[in-house]
Amino acid sequence: MSSLAYLVSDSLVLARRNLAHVRQIPEKLLDVTLQPVMFVLLFSFVFGRVIHVPGGSYREYLIGGILVQTVAFGLMGPGVSMATDLGEGIVDRFRSLPMSRNAYLVGHLVAEFAASALAITVLTVSGLIVGWRIHTDVPHAVAGFALLFLFAFTMLWVGTLIGVIARSPDAVQGFAFLIVFPLTFLANTFVPADGLPPALRTLSNWNPVSAVVAAVRTLFGNPVATPEGAPWPMVHPVAAALIWSVALLGLAVPLTLRRFRARTTG
């Protein structure tokens with residue numbers, strides 16, 4: 001069997017090990033099931049009638065933002081899981097077994113990506129229930145979901161990077177909140193950015209989350225609410241979202257691999 005085949009086989013075994021934890025402790029899925037649905041219901045029915053969005057209903061504007069916000073919060077899971085396994089010596093025990101060196105990391109990402117896919121599915125169904133619709137053709141809709149999965153994959157690598165840097169799961173949560181909260185709330189996630197003060201509006205328009213949210217809304221044919229004179233990322237959100245995702249991956253992947261090898265060598 002080739003080294004690639006060993007890597008795939010060992011990674012799938014470790015991915016099943018991570019998913020088995022979910023079967024034993026199903027409440028681990030609360031952050032990708034009930035929590036996103038709660039956001040949809042709260043914002044749709046509490047703020048839906050008081051926030052007006054140019055070019056369409058607030059509910060159709062909202063779902064794209066919550067989809068991206070949930071994907072961004074997905075970095076918490078891999079970070080905490082990685083920090084826990086490193087701190088408890090589980091990774092060292094796996095290294096003593098006859099398995100591919102990178103199988104743990106790949107299996108870890110596969111399991112977390114499955115959780116992100118579940119979150120996107122749950123939110124899509126929830127959005128359809130409250131009145132959200134996709135108004136573009138099939139290729140654009142597929143591109144919208146593909147962009148969500150690309151951003152989810154990017155956030156998993158960012159979360160894993162935090163996990164291999166932090167010394168404890170509690171530290172991961174602290175770092176993750178410091179990153180995710182400003183990015184998702186200082187953006188066009190829930191309300192159009194043109195209502196913000198000038199300085200905050202500039203930060204929002206150049207925020208990578210804003211670009212991904214606007215790109216998803218564009219590809220799904222939902223209201224984008226781009227004001228006149230908006231900067232390049234808001235005028236070309238799909239291209240900006242791809243650039244941000246690729247740039248973050250290009251930064252997070254090598255740093256994660258380097259730090260992971262440093263912590264598991266010796």
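In the next few minutes I will go through two helix pairs, one further helix and one loop residue in this structure, which is a predicted model.

Let me begin with how such pairs are described. Two packed helices are characterised by the angle between their axes and by the distance between those axes.

The pair I would like to show you to start with is helix 7, residues 138-165, and helix 10, residues 208-220, whose axes come within 7 Å and cross at roughly 160°. Because angles over 145 degrees count as roughly antiparallel, helix 7 is roughly antiparallel to helix 10. Helix 7 passes helix 10 in a left-handed crossing. If you look at the contact itself, you will find H140, A141, A143, G144, F145, L147, L148 and F151 on the helix 7 side, and these meet V209, V212, A215, V216, L219 and F220 of helix 10. Sorted by class, the residues of this contact between helix 7 and helix 10 are 12 nonpolar and two polar, with no charged ones.

Now please turn to the other pair, helix 2, residues 34-46, and helix 3, which pack at an angle of about 155° with their axes 10 Å apart. With that angle, helix 2 is roughly antiparallel to helix 3. The crossing of helix 2 and helix 3 is right-handed. Helix 2 contributes P36, F39, V40, F43, S44 and F45, which meet Y58, R59, L62, I63, I66, Q69 and T70 in helix 3. The contact of helix 2 with helix 3 has nine nonpolar residues, three polar and one charged.

Next comes helix 8, residues 169-185, where a small check on length is possible: at 1.5 Å a residue its 17 residues should span 24 Å, and its end C-alpha atoms are indeed 24 Å apart, so the two values agree. Which residues in helix 8 are buried? They include V172, A176, V180 and T184. To read that list, it helps to know that an α-helix has 3.6 residues a turn, so residues three or four places apart point the same way. As for their neighbours, the buried residues of helix 8 pack against helix 3 (58-73), helix 4 (76-87), helix 7 and helix 10, and you have already met helix 7 and helix 10 as a packed pair.

Finally, I would draw your attention to A225, which lies in the loop between helix 10 and helix 11 (232-235). A225 has a positive phi of about 60°, although it is not a glycine. Is A225 buried or exposed? Its relative accessibility is 19%, and because buried means under 20%, A225 counts as buried.

Terms used. Residues numbered from 1 in each chain as written. Predicted model: local features only at pLDDT ≥ 70, side-chain atom pairs only at ≥ 80, totals over all residues. Heavy atoms only, no water. Axes fitted to C-alpha atoms, helices over the stretch in contact; angles between N-to-C directions. Helix = DSSP H or I, 4+ residues; strand = E, 2+ residues; numbered from the N terminus. Parallel < 35°, antiparallel > 145°, perpendicular 65-115°, else oblique. Left-handed = near helix turned anticlockwise from the far one by under 90°. Contact = heavy atoms within 4.5 Å. Nonpolar A, V, L, I, M, F, W, Y, C, P; charged D, E, K, R; others polar. Expected span 1.5 Å × (residues − 1). Buried < 20%, exposed > 50% of the residue type's maximum accessible area, 1.4 Å probe, protein only.
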